[in-house]
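Please take a moment with the sequence and the structure shown here, and then follow the charged side chains through the paragraphs below.

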Amino acid sequence: EVDIAAHMSGQLKDYDKGRLDSKDTYRKLNVEMDAPDKELFPALSAVVRSRQVNLAPFARVDNGTAATYDSWDRHTLEAWAAIDAFAKVKDPESREWNDKPCEPLFGGALCAKQDKDGNLMIEV
């Protein structure tokens with residue numbers, strides 16, 4: 001006989017792990033957290049181009065080289081998530097902020113980090 005409660009608990013743990021992994025900046029870029037700065041842009045380029053999204057200096061402007069969609073599909077969303085992740089870690093100061101550990105608040109419902117002045121900043 002199958003224990004439904006145990007099965008549902010396992011499913012919830014897997015869902016939560018996937019949800020948290022999807023917020024990981026380095027996972028979106030397919031690099032390790034300690035990757036040197038010179039590896040970040042090549043990783044971004046590989047992720048974005050593998051999803052057939054234009055990575056030009058004016059990439060958010062349609063210059064006719066990228067496929068157009070009526071709505072963004074999964075590949076396009078993943079590519080822009082990688083671009084946004086790269087923006088969080090491309091300079092040392094923002095990378096330091098991104099890499100700080102998160103302090104769970106309200107039973108883990110919110111995440112906060114301390115800024116330079118010691119104030120708690122809630123992450124959205």
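**Salt bridges in the predicted model**

Arg95 and Asp37 form a salt bridge, in which the closest N and O atoms are 2.6 Å apart. Arg95 belongs to helix 5 (residues 92-99) while Asp37 belongs to helix 3 (residues 37-50), so this pair ties together parts that are 58 residues apart in sequence. The model in which this pair is seen is a predicted one. The two partners can also be described by their accessibility: Arg95 counts as buried, because its relative accessibility of 10% falls under the 20% cut-off, whereas Asp37, with a relative accessible area of 47%, is partly exposed.

Arg95 has a further partner, since Asp99 forms a salt bridge with Arg95 as well, the closest N and O atoms here being 3.9 Å apart. Asp99 and Arg95 are 4 residues apart in helix 5, which means that about one helical turn separates them. Asp99 counts as partly exposed, at 26% relative accessibility. Taken together, Asp37, Arg95 and Asp99 are linked in a network of salt bridges.

Helix 5 also holds Glu93, which forms a salt bridge with Lys116, with the closest N and O atoms 3.4 Å apart. Lys116 lies in the loop between strand 2 (110-114) and strand 3 (120-123), so the pair of Glu93 and Lys116 ties together parts that are 23 residues apart in sequence. Both Glu93 and Lys116 are exposed.

How many salt bridges does the structure hold? There are 4 salt bridges, among them those described above.

How values were computed. Residues numbered from 1 in each chain as written. Predicted model: local features only at pLDDT ≥ 70, side-chain atom pairs only at ≥ 80, totals over all residues. Heavy atoms only, no water. Salt bridge = Lys/Arg side-chain N within 4 Å of Asp/Glu carboxyl O. Helix = DSSP H or I, 4+ residues; strand = E, 2+ residues; numbered from the N terminus. Buried < 20%, exposed > 50% of the residue type's maximum accessible area, 1.4 Å probe, protein only.
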